[in-house]
Structure formats: C-alpha cells, structure tokens
Amino acid sequence: MPKVTVDNNKCNGDGTCVSVCPVAVFEIQNINNQPKAVPVNNDACIVCRACEIQCSTQAIVVKE
Ligand code: SF4
C-alpha cells in the first residue's frame with residue numbers, strides 16, 4: 001500500500017496537493033497555527049505522483 005508523507009518543516013500550506021490529487025488524499029489542517037497539508041486519505045493514493053512533482057517546496061514523498 002502506498003505511503004504518503006508530508007514534511008511539515010517544508011510544507012507552506014498553499015494547498016497545491018489538495019488541488020492536484022485526483023483522489024482527495026490531502027486536506028489542509030491548522031497545525032500549531034499554521035496551515036499544513038495532511039494525508040488524511042492515504043489508502044486512496046494511486047501513486048500518480050502529481051503531488052510530489054507539483055509541490056513547490058518538495059515537502060511530499062510518496063512510497064509504493
Ligand atoms: S501520488 Fe497522486 S494519488 Fe497519491 S497522494 Fe499524490 S496526487 Fe494523490
């Protein structure tokens with residue numbers, strides 16, 4: 001099963017992954033008063049890697 005991780009030190013919370021993920025893996029949550037992408041639906045990931053490729057801060061890693 002794929003494993004999607006977000007490095008909160010890199011994530012700027014701009015929501016690109018929320019927009020590009022075709023299966024709604026991510027949502028933006030408020031963590032320590034800052035918006036961060038959280039993979040709330042990891043099991044749905046189809047490993048298209050759109051999030052990894054389009055994240056402007058390379059915060060996302062998808063492992064098969
Ligand atoms: S690899 Fe594709 S399906 Fe998986 S979380 Fe990223 S955008 Fe969504």
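Is Glu 64 buried or exposed? Glu 64 is exposed, at a relative accessible area of 75%, and you'll meet it again in the last view. Before the close-ups, here's how to read them. This is a predicted model, where local features need pLDDT of at least 70 and side-chain atom pairs count only at pLDDT 80 or more, while totals for chains, interfaces and linings use all residues. Residues are numbered from 1 along each chain as its sequence is written, and side-chain values use heavy atoms, with hydrogens and water left out.

**View 1. Strands β2 and β3 form a hairpin.**
Strand β2 covers residues 26–31 and strand β3 covers residues 34–39. Helices (H or I, at least four residues) and strands (E, at least two) are DSSP runs, numbered from the N terminus. The two strands pair in the antiparallel sense over six bridges; pairing here means that DSSP finds at least two bridges between the strands. Look for Ile 31 and you'll find its bridge partner in β3, Gln 34. Two residues sit between the strands, and in this hairpin Asn 32 takes a positive phi near 50 degrees.

**View 2. Val 4 sits in the largest nonpolar core.**
A nonpolar core is a set of buried Ala, Val, Leu, Ile, Met, Phe, Trp, Tyr and Cys residues joined through side-chain atoms within 4.5 Å. This one has 14 residues, and Val 4, Phe 26 and Ile 60 touch the most other members. Strands β1 (3–6) and β4 (60–63) each supply at least two residues of this core. In soluble globular proteins, nonpolar side chains tend to be buried together. Val 4 lies in strand β1 and counts as buried, at 4% relative accessibility. For all these views, buried means under 20% relative accessible area, exposed over 50%, and partly exposed in between (1.4 Å probe, protein chains only). Leaving aside neighbours within four places in sequence, Val 4 is in contact with residues including Val 25, Phe 26, Pro 39 and Ile 60; contact means heavy atoms within 4.5 Å. Gln 29 is 25 residues from Val 4 along the chain, and their C-alpha atoms are separated by 16 Å.

**View 3. Cys 51 is a buried residue of helix α2.**
Cys 51 has a relative accessible area of 9%. Not counting residues up to four places away in sequence, Cys 51 touches Cys 17, Val 20, Phe 26, Ile 60 and Val 62. Phe 26 is 25 residues away from Cys 51 along the chain, with 9.5 Å between the two C-alpha atoms.

**View 4. Lys 36 is buried without a salt bridge.**
Here's a charged residue of strand β3 tucked into the buried class. Lys and Arg count as positive and Asp and Glu as negative, while His and the chain ends are not counted. The nearest side chain of opposite charge to Lys 36 is Asp 7, at 7.8 Å. So what does lie 2.9 Å from a polar atom of the Lys 36 side chain? That's the backbone oxygen of Asn 8. Beyond neighbours within four places in sequence, Lys 36 is in contact with Asn 8, Cys 11, Gly 13, Glu 27, Ile 28, Gln 29 and Ile 31.

**View 5. Ala 24 and Gln 58 have positive phi angles.**
Ala 24 isn't a glycine, but its phi is positive, at about 55 degrees. You'll find Ala 24 in the loop between α1 (16–20) and β2, partly exposed at 49% relative accessibility. Gln 58 isn't a glycine either, and its positive phi is about 50 degrees. Gln 58 belongs to the loop between α2 (50–54) and β4, and it's exposed, with a relative accessible area of 54%.

**View 6. Arg 49, Glu 52 and Glu 64 share a salt-bridge network.**
A salt bridge is a side-chain nitrogen of Lys or Arg within 4 Å of a carboxyl oxygen of Asp or Glu, and the whole structure has two of them. Arg 49 forms one with Glu 52, where the closest N and O atoms are 2.9 Å apart. Arg 49 and Glu 64 also meet in a salt bridge, at 3.7 Å from N to O. Glu 64 lies in the segment after β4 and Arg 49 in the loop between β3 and α2, so this pair ties together parts that are 15 residues apart in sequence. Arg 49 is partly exposed, with a relative accessible area of 26%.

Conventions:
Polar contact = N/O pair within 3.5 Å; in protein donor to acceptor, adjacent residues only side chain to side chain.
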